[in-house]
Amino acid sequence: MSETTRRAVLAGAAGVTAVSVLAACGDDSGSDSTASSGSTPGGPIAKKADIPVGGGKIVSADGGTVITQPEAGTYKAFTAICTHQNCVVTSVADNTIDCKCHGSSFSAKDGSVTNKPATAPLKEKTLRFEGDDIYVTK
């Protein structure tokens, strides 16, 4: 007959807690078509064809970037972390980057605040292109 040790019980409880914490970090709002897991670190994070004119794409492969195309052929990238309370921005449309946590909005052209409560702009990132592939340079 096998006896369950205190250590085995604690290890099992720790595993359940870790899974619960990770599940709690998920977004309960359902699927967001603008969010993407991107690709492997160091690889392209998006394709030009994935970034609509006037819109954008939120990628997380590099820690959080929003890529926009404010005008045909012009691509911009910003941190995807809202400057108000560090929520991840949620959507890009009509040349506006929105954060649904508290209603902040930013310009897809330059990252400036277009709607408070955020008061600081999104930090711009540098992009590099290889054909249709988009990379964020560090």
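Q: Why is Thr 65 called buried?
A: In this predicted model, Thr 65 has a relative accessible area of 0%, and because a residue counts as buried under 20%, Thr 65 belongs in that class. The residue sits in strand β4 (residues 65-71), and its C-alpha atom is separated by 4.7 Å from that of Thr 79, which is 14 residues away along the chain.

Q: What makes Ile 45, Ala 77 and Val 136 contacts of Thr 65?
A: Contact requires heavy atoms within 4.5 Å, and with neighbours within four places in sequence left aside, Thr 65 is in contact with Ile 45, Ala 77 and Val 136, among others that include Lys 57, Ile 58 and Lys 125.

Q: Why is the pair of Tyr 75 and Phe 129 called tilted?
A: Ring centres must lie within 6.5 Å for a pair, and planes under 30 degrees apart would count as stacked, whereas those over 60 would count as edge-to-face. The centres of these two rings are 5.6 Å apart and their planes stand at 55°, so the pair of Tyr 75 and Phe 129 is tilted. A search of the whole structure finds one aromatic pair, and it links distant parts of the chain, with Tyr 75 in strand β5 (residues 74-79) and Phe 129 in strand β10 (residues 124-130), 54 residues apart.

Q: Why is Phe 129 called partly exposed?
A: The partly exposed class lies between the limits of 20% and 50%, and Phe 129, at 36% relative accessibility, therefore falls within it. Its ring partner Tyr 75 has a relative accessible area of 18% and so counts as buried.

Q: How do you know that β5 and β10 pair?
A: Two strands pair if there are at least two bridges between them, and β5 and β10 are joined in the antiparallel sense over two bridges. Within this pairing, Ala 77 has Lys 125 of β10 as its bridge partner.

Q: What joins β10 to strand β11?
A: Five bridges join β10 to β11 (residues 133-137), and the two strands run antiparallel. Phe 129 has Ile 134 of β11 as its bridge partner, while Arg 128 is bridged to Tyr 135. In the hairpin that these strands form, two residues lie between them, and Gly 131 takes a positive phi near 60°.

Q: What makes Arg 128 lie over the face of Tyr 135?
A: The distance limit for a charge over a ring is 6 Å from the ring centre, and Arg 128 lies over the face of Tyr 135 at 4.1 Å from that centre.

Q: How do you know that β11 is mostly covered?
A: Four of the five residues of β11 are buried. Strand β2 (residues 46-47) also runs antiparallel to β11, joined by two bridges, with Asp 133 of β11 as the bridge partner of Lys 47.

Q: Why is one side of β6 and of β9 left without a neighbour in the sheet?
A: Four strands form an open sheet in the order β6-β7-β8-β9, with antiparallel pairing. β6 (91-93) and β9 (113-115) stand at the edges and have a single partner strand each, so one side of each lacks a neighbour in the sheet. From one strand to the next, the twist averages 30°. At the β6 edge, three bridges pair β6 with β7 (residues 96-98) in the antiparallel sense, and Asp 98 is the bridge partner of Ser 91.

Terms used:
Residues are numbered from 1 along each chain as its sequence is written. This is a predicted model: local features need pLDDT of at least 70, side-chain atom pairs count only at pLDDT 80 or more; totals for chains, interfaces and linings use all residues. Side-chain values use heavy atoms; hydrogens and water are left out. Axes are lines fitted to C-alpha atoms, for helices over the stretch in contact, and angles run from 0 to 180 degrees between N-to-C directions. Rings of Phe, Tyr and Trp (its six-membered ring) pair if their centres lie within 6.5 Å; planes under 30 degrees apart count as stacked, over 60 as edge-to-face and the rest as tilted. Buried means under 20% relative accessible area, exposed over 50%, partly exposed in between (1.4 Å probe, protein chains only). A charge sits over a ring if NZ of Lys or CZ of Arg is within 6 Å of the ring centre and within 35 degrees of the ring normal.
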